[in-house]
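User: Please take a close look at the salt bridges of this protein and explain how they are placed along the chain.

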Amino acid sequence: MTEQLEQILSQLTQPDNAIIQQATAQLKQAFKDPAIIPALCAVMSGSQNPQIRQSAAVMLRLRVKKHWKKISPDDRESLKAVVLQAFMQETEHTVQHSLSQLCAVMVKHETPDRWPALLQLLNQSTKSSNPHDRQVGLLLLNKVMESNPEPFKPHYCQLLQLFNTVLQDHNNPTALYYCILTLTAITAYTGTEEMHQMRSIIPSLIVALKHLIKADQNQASEAMEVFNELMESEVSIIVPHVADIVRFCLEVGSDTALSDSLRVKALSCIAFLIKLKSKTVLKQKLLNPILQTIFPVLVAAPPPGEQDPEDEEDDTGDGADNDNPKHCAAQIIDTMALHMPPEKLFQQLMPLTQACLASEDPYQRKGGLMCLAVLAEGCADHIRTKMLSSVLQTVCQSLSDTNQVVRSAGLFALGQFSEHLQPEVSKYCAELMPLLLDYLSSLNEAKVGHVTKAFYALENFMENLGADIEPYLPTLMETMLSALNNAANLKIKELAVSAIGAIANAAKELLVPYFPPVIESLKGFLTTTTEEMRSLQTQSLDTLSVLARTIGNDVFSPLAAECVQLGLNLTDTIDDPDLRRCTYSLYSAVSTVSPDCLTPHLTAITTVMLLALKSNEGITAHLEEDKTFVLLDDDDDDENDNNEEEKDVDFLEDETETEVHDITGFSVENAYIDEKEDACDALGEISFSTGAAFQPFLESSFQQVYEMRDFPHEDVRRAAFGAMGQFCRAQHKVWKENPTEANHQALLKLLDVVLPCFVETVRAEHERQVVMGILETMNNVIKSCKEEAFQNPSRLKEISYVIRDVLKKKTVCQDGGGGGVGDEADDEDQQAEYDAMLQEFAGEGIPLLASSVPADNFAPFLNDLLPLIMSKAKSSCTVADRSFSVGTIGEILQALVSVPGGRGVAGRLSTRLLPVLVAGVRDSDAEVRNNSVFGLGCLAQAAGPIVVSDYPMMLSVFSNMLTKESDLRVIDNLCAALCRMILSNVEAVPLEQVVPALVARLPLKEDMEENKTVFNCLAMLYTNSPALVVKLMKPIVAASSHVIGNKNVDKETQNTSALLMKEFAQRHSADFQAAVTSLPREEQAKLSAAISAS
C-alpha cells in the first residue's frame, strides 16, 4: 500500500485539476483501509520527496486527531516511536514543522508523562551543543506546548530555567524566536510558584528581542506578542519592568529604519499597557517620555511624493488602514484620554499640542488637530467645561488653512467634537453651520475623499441640534436632494443619504415636507440589484430606519408593511452581512411604529437573525496547511452515518472550538461582528415592541443570545447583555397585560438566569464598555420589573454588593484587586472620566433599588452605599462627581417617598444628608446647585414631620437663593422644592411670604416635569387657603396658560391645571375673567377649550 499511497500523494501535487480530482477519490478509498496508518508512517519516514513527506505527516495528524481511540494500543506505541524517529532524521524545515504538529496532537491524547521518549528527546535536543539541534528541539517544544500548555504545568519551572539559558543564545535567532513563542503560550497558565522566575526572565527577554529584530523583523513582530500576553494574564510579573518595556517599545516604535508592522506592534503594546495599567504608567513618571517620543511619530511628514493613507484621494473614510505608526501614535493618545485623569494628561500634553498647532509645517498642524480630535471622547467633560471655545476656535481656523491636509484634519476634529462634546458644542451652531454649509456649497466632486470628511463633520454636528436645525433645513435639504438626483458619483449619493438620516435625527417632524421626495429617491436605490450600488443600498436602509423612528407615526405607518416586505426581499436575494444587518435595524425601527406589521413575518425575521448569531461565517481560522486534507478526512465516519449537513457543522465546530491550537490565529471580518451585534439589538427591541406576539420566539431567541455572552468581541457581548435585559422587560410587559400564573413563572425564571449573570459579569468582565452596558441594562430591568426582580431573597444583597464593589473600584475592569500596594489611596479624587462614568451607572441603580423594595429591607445596604456616594460631593471632586453625588441622593430620597417604611428611613438619614445638600446649594456649578435644591425638596417630602425643625434654615437658604440665582433650571427647581415643603408640612411654612414669591417665578422655563409638583401644590393650597390663592389668581392663570396644551407637560398635570381653572371660573368668575383678559388671544382660547373639556 505504501507505494500506491506515495503515488496518490504525488498526483495531488500536480498542477492538473483532473489528476487532483482522481487522486482525491483514490485517497478517500485508501482511507477506508485500516492499513492506512502504517502506510502513512512509511511514506512519512521513507519518501524521497519532502512535499510528500509533509503531506503524509499532515494526513496522519488529521487521522490521529479524530480517530485516536480507534487506533490499537500497539499501533499507538509504534506510531510514537516512528514519529520521533522521523523527526530526528528529517532535514527539511517544512516537514519538521508538520511533524512537530503531529506530535502536538498525539500529546493531547496521551499526556506528556505517558510519552517519556518525547520528553527525553526534548531535553536532549534543547540542551544540545549543536545550534541546529537546539533550533529543531525548540520548534518541537513550541508546537507541543502551544497545543497542550496545561499538561506540562509540572515542568514549568524546569522550562523557565531552559528559556533563561536559550534567551542568552543571541547568535541563534530561530532558537530565540521559538523560545519566546513558547513562553507566550504558557504565560496564561503560570501560577504563583513561577512568578519569580518569570519576572527575572524579562530583562533577558528584552535583550533577546533586540537581537531578533536585527535578524528577522517579521519574527520579532510576532514574538513581541509576549508582552501583550504578560500584561493580560499576569500583569504583576511586568510591573517592576514596566519602565524598561516602555522604553524598549518606544525605541522600536520611533525607529523609522524598521518595518511599519514591527513599529505598529511596539506602539500598540504601549497603548495596551496604558489601557490596563494607567496608574502604574503615571506613577513611574512614564507619561512624559511616551509623549515626547510619540509626538514626532504623530507629526512626521510622509516621504516626498507620498501622502498619509487618510489623505489619499481614494480613502473611503472607513479607517481600514490602521496599521501605520502615525495611526498608532494617535491611538496611544486616545487610550490615555480614556484611561487617565484629564488634569494630569493635559498638563503634559497641551504644551506639545499647542507648539504643533502654531507650527509652519502643515504636518505639525495636522498632528496637533489629530491630537485634539482623539482627546474628545475620553476627556469630554474636561474640554467642555474648561476649554471648549478655545479649541473650537482653533478647529474653525483650521478649516480655512491653505493646506488641504490640515483642513481634512480640522474636519475630522470637528466631527469628533460634535459627537462627544454635547450639548455645549451645539451652542456654537451660529458660528459652525455657515462654515460647514459653505464647505458643501463648494463641493468639488473630484475630491471625494475630502468631501467625505466634510460630511462626517456636518453629520455629527447636525445630529444633535434638535429643533435648532430649523433655519438651515431649506438649504440643507436642497443640497442633499440635488445630490441624490444629480450626483454622478455614487459615493456622493451615499454621503447625502447618510446626511439625511442625521438631519432627520435632529429635525424629527420638521422634515415632513421633504419626506415624499426623500422616500422616492430611497425606493429607487433600495430596489436596485447591481453590485456597485450595494453600499448606497445599505446606507438607504439605515436612513429609512432613522426616518421610521423620527418622522412621526402617522406619516410613516402607511409605509411600515412595505418596509418589512422590502427587507425580507433583500435578504432573500442578496447575501451580504452589511445589508442583512441594516434590515434588522429597519425591522427594529418599524416595531416601534407599527408592531402589527411585523407580527406576520416574525418567523422569517427571527430565523434570519438567529442564523446570523449561530453562524461562524466571517471567522476565518488560519489553518497551516491545505484545506483539501481537512475536507478529505471528514467523510470517512462510516459507523455513525450522520447526514452530510451535520458533518459539515461538526467539522466547523471541531476546527473553531476544540482545536484552536491547530490554527495559527483567527481573523473575524468586521461586517459579521456588526451583524451579530445588530441582530442582538434588534431581537431585544422587537421582543419588547411586539410583546405577546413574540412569545413563541422568546425562548429560542433568548438561548441563542445567551450563548453570545462570552463572544470574543466586546461589542457583541455588550449587545447580547442588552438584549437579555430587553427580553426580561418584554416578558414583564406580557405578564402585566395578561397576568396568568404561567406568564409570571416565565418572568421569574428569566430573571433568575439573567440577573445573576449580570452581577457575575460586572465583577469579572475585562472591558469597561461592556460593564457600563450591563449596569445600564440592569437598571432598566429593575426600573421595569420593580419588586418582581427581587422575589429571590438573596437578589437585593447580590445587586447591592456589586454596586458597592464598583463604587469601591473592586471589579476586574477597574484594575481592582491587582492594583499593587498603595494604588488605592493616592489621588482618589482624580480618575479618568470613563472610570467615573462607570461608577455613575452603578450609582444610578441605588434609587432604583430603593423604589423596588420596602425601605426597611433596603436600609442596611443603603447605609453601606451612602458614604461611597457622599464622598463624591467634596469640593475637591470634579463637577461631574459632585453633580452625580447630590443628584443620586435626591433620587434616593424621591424613591423613599413612595415605598412602605420610606418615611422612617428618610428621617433617620436626614441628619447625615442635610449638610451635604445645603453645601451643594452654594456650589459654583449650576447643575450641582440644581440637584442639591431638588434633593432638599425630596428630603422634606420623604422625611415628613421629622425635618420640620430644619424648615426655617431651609427656607432661609431658599429665599436667599431666589434673590441671587440666575440659572433658569435652578429657579424652576427652587419653586418645586418649596412646593414639596408645602405639600409635606403646610403648617410649617409661612405661606403669606412664600407663596407670592413662588408664584412670581412661574411659569417654569426649563424643567417642565416639575409642573406636576407645582400644580399639585397650588391645587392643595386652593383647598386649604383659598383666599391666598385667589389673591394670586392673575399670575397663576398666566402660568396655567403655559401648561395647558404644552406637549412637554404630561396630561395629568394639564388636567390638574384645567380643573383649578374651572374652579376659578365657577367660583370667582369676575377675578378669573379679569385675569384671562390680560392674556394673548390664542392663550384665552386654549384655556376656555380646556375648561369646557374638563
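Analyst: A salt bridge is defined here as a side-chain nitrogen of Lys or Arg within 4 Å of a carboxyl oxygen of Asp or Glu. The model is predicted, so local features need pLDDT of at least 70 and side-chain atom pairs count only at pLDDT 80 or more, whereas totals for chains, interfaces and linings use all residues. Residues are numbered from 1 along each chain as its sequence is written, and side-chain values use heavy atoms, with hydrogens and water left out.

By the salt-bridge rule, the count comes to 41. Three pairs and one network are described below.

In one pair, the side chains of R534 and D576 meet with an N to O distance of 4.0 Å. This salt bridge links distant parts of the chain, 42 residues apart: R534 belongs to helix α29 (residues 534-550), while D576 lies in the loop between α30 (553-573) and α31 (577-593). Helices here are DSSP runs (H or I, at least four residues), numbered from the N terminus, and strands are likewise DSSP runs (E, at least two). Both partners can be described by relative accessible area, where buried means under 20%, exposed over 50%, and partly exposed in between (1.4 Å probe, protein chains only). R534 counts as buried because its relative accessibility is 10%. D576 is also buried, at 15%.

A second pair joins E767 and K275, whose closest N and O atoms are 2.7 Å apart. Here too, distant parts of the chain are linked: E767 sits in the loop between α39 (741-764) and α40 (768-785), K275 sits in helix α16 (residues 260-283), and 492 residues separate them. E767 has a relative accessibility of 16% and therefore counts as buried. K275, at 29%, counts as partly exposed.

The third pair is formed by E494 and K491, with the closest N and O atoms 3.9 Å apart. These two residues are three residues apart in helix α27 (residues 490-507), so about one helical turn separates them. E494 is buried, with a relative accessibility of 15%, whereas K491 is partly exposed at 23%.

Salt bridges also connect several residues in a network, which links D308, E310, D311, K326 and K366.

For the wider setting, the protein is divided into domain 1 (1-110) and domain 2 (1024-1093), with bounds that come from an automatic or database domain assignment. The C-alpha centres of domain 1 and domain 2 lie 93 Å apart.
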